[in-house]
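Welcome, and please have your viewer ready. We will go from stop to stop, with something to select at each one.

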Amino acid sequence: YYYDENNWENGALYINNYLIKVDTEFLGLFKIKDGTKTIAENAMVSCDDITSLEIPDSVTNIGANSFAYCGSLESVQLPDAISRIEDGTFCFCYSLVDIEIPDSVTYIGEDAFLYCALKSVIIPDGVKEIGKTAFGYEYDFEDNVCVPVENFIIYGAKNSAAEKYATDNGFKFVEKAAHTHSYTSTVTKQPTCIATGVKTFACSCGNSYTETIPATGAHNQNTKIAGKAATCTATGLTE
């Protein structure tokens, strides 16, 4: 890409809807601007002073090693539109204590969360492939090898990629209980004598649906209409 200093915005280099690079001296909360679709490979490598990260829902692609070596990063919420967490995306983010994998994800790459502070992870049913040392490993610098995190737990569905990864790596696997929806109804639009209304049913998990409420079909004959005084040019009304 060709770029000059005018492409930098708030400590980050953007080209169109790509986030190319972030200043490694950026401190604190970093917000990726709305409309960004792709975070390039290595975009935030070694941004060691970023403590939290906001990624807009517009992001659909996150490149390999994008957030690697962000040693102070404690929290991040991944957008629902991504389908892949590439190799090394969060490797050596050793302050990252919690992560929620979106249901949209189908692939988690090698070393994706190597040497993070995670003690457990919930893996959605839709994940079909998990790379080597993606979760549950830290790095032994003295012997230059990856070693498993003690008592690491994998939560997931039975007979899933999550269970296979746990079994292959000697981690404890806990079957994730199937969620049963429990809906609460609210009238979100009242019906009238000529127009239908709407009733919304919502579950605590975020799932919802609506039903139509039929129009009442009956006019209220007892409703009073306020009187209107006649003028020299207009007729009036009586109650």
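**Stop 1: the ring cluster**

Begin by selecting Phe67, Phe90, Phe113, Phe135, Tyr137, Phe152, Tyr165 and Phe171, which ring pairs link into a cluster. Rings of Phe, Tyr and Trp (its six-membered ring) pair if their centres lie within 6.5 Å; planes under 30 degrees apart count as stacked, over 60 as edge-to-face and the rest as tilted.

Before you go on, a word on the model: it is predicted, so local features need pLDDT of at least 70 and side-chain atom pairs count only at pLDDT 80 or more, while totals for chains, interfaces and linings use all residues. Residues are numbered from 1 along each chain as its sequence is written, and side-chain values use heavy atoms, with hydrogens and water left out.

**Stop 2: two aromatic pairs**

How many aromatic pairs does the structure hold? There are 15. Select phenylalanine 90 and phenylalanine 113: the ring centres are 5.2 Å apart and the planes meet at 10 degrees, so this pair is stacked. The two rings join distant parts of the chain, 23 residues apart: phenylalanine 90 is in the loop between strand 9 (84–85) and strand 10 (107–108), and phenylalanine 113 is in the loop between strand 10 and strand 11 (120–122). Strands here are DSSP runs (E, at least two residues), numbered from the N terminus. Both phenylalanine 90 and phenylalanine 113 are buried; buried means under 20% relative accessible area, exposed over 50%, and partly exposed in between (1.4 Å probe, protein chains only).

Now add phenylalanine 92 and tyrosine 139, a tilted aromatic pair with 5.8 Å from centre to centre and 55 degrees between the planes. Phenylalanine 92 lies in the loop between strand 9 and strand 10 and tyrosine 139 in strand 13 (residues 137–140), so the pair ties together parts 47 residues apart in sequence. Phenylalanine 92 counts as buried at 9% relative accessibility, whereas tyrosine 139, at 21%, counts as partly exposed.

**Stop 3: the cavity**

Searching the whole structure turns up one cavity of 30 Å³ or more. On a 1 Å grid over the protein atoms alone, a cavity is a set of points where a 1.4 Å probe fits but cannot get out, and a pocket is an open set with protein on both sides within 12 Å along at least five of seven lines; lining residues have an atom within 4 Å of a point. The largest cavity holds about 30 Å³ of space, where a volume is the space filled by probe spheres set on grid points joined across faces, edges and corners.

To see the lining, select Phe113, Tyr115, Cys116, Leu118, Gly136, Tyr137, Val149 and Phe152. This lining has seven nonpolar, one polar and no charged residues. In this scheme Ala, Val, Leu, Ile, Met, Phe, Trp, Tyr, Cys and Pro count as nonpolar, Asp, Glu, Lys and Arg as charged, and the others, Gly among them, as polar.

**Stop 4: the pocket**

Which residues lie nearest the centre of the largest pocket? Select Glu100, Ile101, Pro102, Asp103 and Pro124, out of 20 lining residues. The volume of this pocket is about 520 Å³. Its lining has 10 nonpolar, three polar and seven charged residues, and strand 11 gives the largest share, three residues.

**Stop 5: lysine 33 and its surroundings**

Select lysine 33 with tyrosine 14: lysine 33 lies over the face of the tyrosine, 4.6 Å from the ring centre. A charge sits over a ring if NZ of Lys or CZ of Arg is within 6 Å of the ring centre and within 35 degrees of the ring normal. Another example is arginine 84, with its charged end over the ring of tyrosine 107, 4.0 Å from the centre.

Back at lysine 33, its backbone oxygen lies 2.8 Å from a polar atom of the threonine 36 side chain. Threonine 36 is in the loop between strand 4 (28–31) and strand 5 (38–39), and is buried, with a relative accessible area of 1%.

**Stop 6: two positive phi angles**

Finish with tyrosine 69, which is not a glycine yet has a positive phi of about 65 degrees. Tyrosine 69 lies in the loop between strand 7 (61–62) and strand 8 (75–77).

Asparagine 151, also not a glycine, has a positive phi of about 60 degrees. Look for asparagine 151 in the loop between strand 14 (145–148) and strand 15 (153–156); at 63% relative accessibility, asparagine 151 counts as exposed.

Note on methods. Helix = DSSP H or I, 4+ residues; strand = E, 2+ residues; numbered from the N terminus. Polar contact = N/O pair within 3.5 Å; in protein donor to acceptor, adjacent residues only side chain to side chain.
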